[in-house]
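Visitor: Walk me through one part of this model up close, please. I'd like the helix packing, plus whatever sits beside it.

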Amino acid sequence: MIAENLKQVLSELPEEVRLVAVSKFHPNEAIEEAYHAGQRIFGESKVQEMTSKYESLPKDIEWHFIGHLQTNKIKFIVPYVALIHGIDSYKLLTEVNKQAAKINKTVHCLLQLHIAREETKFGFSFEECREMLASGEWKELKNIQICGLMGMATNTDNVEQIKAEFCSLSSFFQEIKSTWFANEESFREISMGMSHDYHEAIAAGSTLIRVGSKIFGERRY
Ligand SMILES: *Cc1c(COP(=O)(O)O)cnc(C)c1O
């Protein structure tokens with residue numbers, strides 16, 4: 001079932017869009033099934049869960065951390081994480097940099113923007129993000145690389161609203177790209193789109209969709 005779901009989602013993706021298979025709360029066997037069907041990028045939202053999966057599963061898996069990251073747990077994922085999607089404060093960025101420097105690594109990160117109407121979603125506002133970048137301090141952080149932006153749309157059936165939120169993230173990406181990263185090819189990711197809204201996200205310019213339940217089924221909490 002997992003392999004079929006995966007093939008279905010992959011068949012809908014334009015070439016430039018990559019799939020993060022969100023395997024949180026699903027067992028290793030589920031990941032192995034997707035792995036054997038060819039999937040290599042997996043997303044997790046809990047540090048301990050991701051680390052124990054990393055330790056027991058094939059080493060060519062690219063692990064993406066998509067959850068809310070606590071500073072005291074950064075050190076556990078820095079040695080192997082391929083991309084941290086949810087950087088939502090300058091402090092978190094500096095902490096990732098600090099842990100990465102300790103082991104002489106460069107960690108790839110995305111800045112999370114708050115584009116949804118719900119108050120509960122994490123992330124910078126556009127204004128906070130502009131201010132953070134304008135301060136210039138981040139340029140001193142040599143052990144992180146900002147590779148793009150991430151966002152989550154409001155959990156609603158209102159497709160027009162979802163589209164508008166994704167489009168706002170896309171245009172903000174263009175603004176940030178041209179202002180701060182015009183010459184940096186590595187600044188190129190827009191991580192947006194989940195099981196119920198990835199079609200809208202792709203239409204709005206997503207480069208990384210994060211799909212869980214559509215592939216693995218409903219989560220067992
Ligand atoms: C759980 C989660 C997803 C995947 O959600 P589905 O609805 O299962 O596709 C995507 N992004 C983030 C940040 C998540 O926490």
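Guide: First, a word on terms: an axis here is a line fitted to C-alpha atoms, for helices over the stretch in contact, and angles run from 0 to 180 degrees between N-to-C directions. Bear in mind that this is a predicted model. Now take helix 6 (residues 126-135) and helix 7 (residues 159-180): they pack at an angle of about 10°, and their axes are 12 Å apart. Angles under 35 degrees count as roughly parallel, so helix 6 and helix 7 are roughly parallel to each other. As for handedness, the crossing of helix 6 past helix 7 is right-handed. On the helix 6 side, the contact is made by Phe-126, Cys-129, Arg-130, Leu-133 and Ala-134. Helix 7 answers with Ser-168, Leu-169, Phe-172, Glu-175, Ile-176 and Trp-180. Sort the contact residues by class and you get 8 nonpolar, 1 polar and 2 charged.

Hang on to Trp-180, one of the helix 7 contact residues, since that name turns up again in the lining of the second largest pocket. That pocket holds about 190 Å³ of space. Lining it along with Trp-180 are Trp-138, Lys-139, Leu-141, Lys-142, Ile-144, Gln-145, Ile-146, Phe-181 and Glu-184. Strand 6 (residues 144-151) gives the largest share of this lining, 3 residues. By class, the lining of the second largest pocket comes out as 6 nonpolar, 1 polar and 3 charged residues.

How values were computed. Residues are numbered from 1 along each chain as its sequence is written. This is a predicted model: local features need pLDDT of at least 70, side-chain atom pairs count only at pLDDT 80 or more; totals for chains, interfaces and linings use all residues. Side-chain values use heavy atoms; hydrogens and water are left out. On a 1 Å grid over the protein atoms alone, a cavity is a set of points where a 1.4 Å probe fits but cannot get out, and a pocket is an open set with protein on both sides within 12 Å along at least five of seven lines; lining residues have an atom within 4 Å of a point. Grid points are joined across faces, edges and corners, and a volume is the space filled by probe spheres set on the points. Helices (H or I, at least four residues) and strands (E, at least two) are DSSP runs, numbered from the N terminus. Ala, Val, Leu, Ile, Met, Phe, Trp, Tyr, Cys and Pro count as nonpolar, Asp, Glu, Lys and Arg as charged, and the others, Gly among them, as polar. Angles under 35 degrees count as roughly parallel, over 145 as roughly antiparallel, 65 to 115 as roughly perpendicular and the rest as oblique. A crossing is left-handed if the near helix is turned anticlockwise from the far one by less than a right angle, and right-handed if clockwise. Contact means heavy atoms within 4.5 Å.
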